[in-house]
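I opened a fresh notebook page for this structure. The entries below follow the order in which I looked things up.

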2 protein chains.
Amino acid sequence: MKIAIAGAGAMGSRLGLMLHQSGNEVILIDRWPAHIEAIRNNGLIANFNGKEIVEAIPIYSPEEVIKSNIQADLIIALTKANQLDGMFQAINSIITEQTHVLCLLNGLGHEDVLEKYVPKKNILFGITMWTAGLDGPGHVTLLGDGEIELENLEPEGEAFAKEVVAVFKDAKLNPTYSSNVRYSIWRKACVNGTLNGLCTILDCNIAGLGEQQPTNDMVRTIVAEFSAVAEKEGIELDQEEVNQHIQATYDPDNIGLHYPSMYQDLIKNHRLTEIDYINGAVWKKGQKYDIPTPYCAFLTQLIHSKEGLLAAK
Amino acid sequence: MKIAIAGAGAMGSRLGLMLHQSGNEVILIDRWPAHIEAIRNNGLIANFNGKEIVEAIPIYSPEEVIKSNIQADLIIALTKANQLDGMFQAINSIITEQTHVLCLLNGLGHEDVLEKYVPKKNILFGITMWTAGLDGPGHVTLLGDGEIELENLEPEGEAFAKEVVAVFKDAKLNPTYSSNVRYSIWRKACVNGTLNGLCTILDCNIAGLGEQQPTNDMVRTIVAEFSAVAEKEGIELDQEEVNQHIQATYDPDNIGLHYPSMYQDLIKNHRLTEIDYINGAVWKKGQKYDIPTPYCAFLTQLIHSKEGLLAAK
């Protein structure tokens, strides 16, 4: 299969590497000049479960892609959420009528962006439990095992989605064809929509958040807002299960001692957050469906204010 | 007039001093042993508009008050909001059927506390624009001019309220008998209910808050919640005027460079805040009147969480 990885960060590099190893025509697309140069000169260098491997994979900037004649059967979207639109605008030329897009980004609302560039019947959504770390330009660390769950957005996409599952299986990516990937996406968004924003605005780790008396009520209110909006999109979240899953993360033996990715982006590295694609997306969808989502709205506003105060870029 | 100042911090000391100077029988009541000892040994020492003055005023702890035969015509309440109940419980013995209480605390909901100790017809409310600083035990700095607006809670209290105005006038406290002091109290609570909580949770000064793009919407939403609840208590806030008044504070030539008192309490000194008497009071009243106040609720929860994380006392 001709596969383009749009956004070759840590996770994009993992998928690119494993799909290239199993014989697909893979290209990587990224905007980071040092990363492009390193991979072009030395190949993608990975610590793959303790063994160093080098995989020579073509890599392009979006501008180079436009000038090429490259076309893709499948584009796997793995940009930062706020770079998805710009990336697809830039690589529009590789999209044919047959091109499908598999969106593996965290968060909500990405279909609104993708539908501008690809017909809905050609869109797949997925969620992955694989992990990956970017050590520097051209270097990644890929440890442990994972899974990918994916599904077509429209019924017409089922045959192609199942082809992708077969290709991923050959690449040992442990894929599952899901009958309800959107449930899993919303469930994961609830976790991010509580832990990320609250730990960031309160400047604490997950265990610290869990210890505060008001946390249970704040989390339940946010999950209820996600749930009310999800229902309008045909997803019936099991709020009790989601709340218990979130509570379990507070345990220091679970991920309690971690600072969520949004905290690391904003408080540690003064980078813009993905809040618009988590609580902000629920707020926006809530306005569309006339469902009040004040906690999501206020949390989005607070995080944007903090971005401004820290001059995040 | 026999006047007891319940809570002889900076503002209580100012009123005690000025009312004592003008010939009233004033006593101070406070819980801070070093402050009591200093005033007892050396008098209350004030930098009064640049001139050092010493005023010998009796000062007692609440426990000493109980053992004494002191009674008061007027008790001026100037404790911290969360110490009001404890103070009145402790000094119950000086309250007779004739005793009136003038509450000058910032924030909302204090009538619920005071009504436990004094009949409603004996309660006055006021708001002051005087300033005062506590430099250390027994030492205060009292600069500039100010005003006090006050009013009886019930019609029967009018005659006594006007007596108090006359006494305050003799003390040069620039009093006004107000026809709507509760409007002024709610208006001031709106200012505290936006600037205090938002600057504290965002860790910024007032100008920094004012520069953020979401601030206008956050402030308007909070003021709208205050307004909806105030309406149920017969107060029709002019939201537009309040919002413009708050906006004007962002100017560095106004109070923009200041960090609000809640910021100083919690972030600087790790002390518990008065959030329960500002946004928390609106949230509680909202529940009583069945009016949603999600921004006030969430802000109260966030501030309490931050108190927990900073081990505030």
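**Entry 1: the two domains of chain A**

I began inside one chain. Domain 1 of chain A and domain 2 of chain A bury about 1,400 Å² between them. Carbon and sulfur atoms give 56% of that area. I note here that this is a predicted model.

Next I looked up the bounds. The domain assignment puts residues 2–179 of chain A in domain 1 and residues 182–310 in domain 2. Their C-alpha centres lie 26 Å apart. I then asked how many residues each domain brings to the contact. Domain 1 of chain A gives 16 residues, and domain 2 of chain A gives 18 residues.

**Entry 2: what the record says**

I checked the UniProt entry, which is unreviewed. It carries the annotation "domain: Ketopantoate reductase C-terminal" for residues 180–307 of chain A. I looked at the secondary structure of that stretch. Residues 180–307 of chain A are 70% helix and 0% strand. The C-alpha atoms at the two ends of the stretch are 34 Å apart.

**Entry 3: chain A against chain B**

I moved on to the pair of chains. Chain A and chain B bury about 2,100 Å² between them, and 72% of it comes from carbon and sulfur atoms. Which residues of chain A lose the most area to chain B? They are Leu202(A), Tyr295(A) and Phe298(A), together 29% of what that side buries. The contact takes 23 residues from chain A and 23 residues from chain B.

I then laid one copy on the other. A turn of 179° and a shift of 0.1 Å along the axis bring chain A onto chain B, with an RMSD of 0.1 Å. The two copies are therefore related as by a two-fold rotation axis. The same surface serves both copies, as 100% of the contact residues of chain A recur in chain B. I also looked for the residue of chain A that comes closest to the rotation axis. I found Pro294(A), with its C-alpha at 3.2 Å.

**Entry 4: cysteines**

I searched all chains for disulfides and found zero. Why is Cys204(A) not bonded to Cys199(A)? The sulfur of Cys199(A) is the closest cysteine sulfur, but at 4.3 Å it is too far for a bond. The cut-off is 2.5 Å between the sulfur atoms. Cys204(A) is buried, with a relative accessible area of 4%.

I tried a cysteine in chain B as well. Cys296(B) is in no disulfide, and the nearest cysteine sulfur, in Cys190(B), is 8.7 Å away. Cys296(B) counts as buried, at 0% relative accessibility.

**Entry 5: helix α12 of chain B**

I picked out one helix, α12 of chain B, which spans residues 279–289. Its buried residues are Asn279(B), Gly280(B), Ala281(B), Val282(B), Lys285(B) and Gly286(B). I asked which helices they pack against. The partners are α5 (110–114), α7 (181–202), α9 (215–232) and α13 (294–309) of chain B. Just after α12(B) comes Asp290(B), with a positive phi of about 60°.

**Entry 6: one residue of helix α9**

My last stop was Thr215(B), in helix α9 of chain B. Is Thr215(B) buried or exposed? Its relative accessible area is 1%, so I count Thr215(B) as buried. Leaving out residues up to four places away in sequence, Thr215(B) touches Leu209(B), Gly210(B) and Tyr250(B).

How values were computed:
Residues numbered from 1 in each chain as written. Chains lettered and ligands numbered in written order. Predicted model: local features only at pLDDT ≥ 70, side-chain atom pairs only at ≥ 80, totals over all residues. Heavy atoms only, no water. Least-squares fit on C-alpha atoms with pLDDT ≥ 70 in both. Contact = heavy atoms within 4.5 Å. Buried < 20%, exposed > 50% of the residue type's maximum accessible area, 1.4 Å probe, protein only. UniProt positions renumbered as here; feature names shortened; annotations may be inferred. Helix = DSSP H or I, 4+ residues; strand = E, 2+ residues; numbered from the N terminus. Domains from an automatic or database assignment. Buried area = accessible area lost by both parts, 1.4 Å probe.
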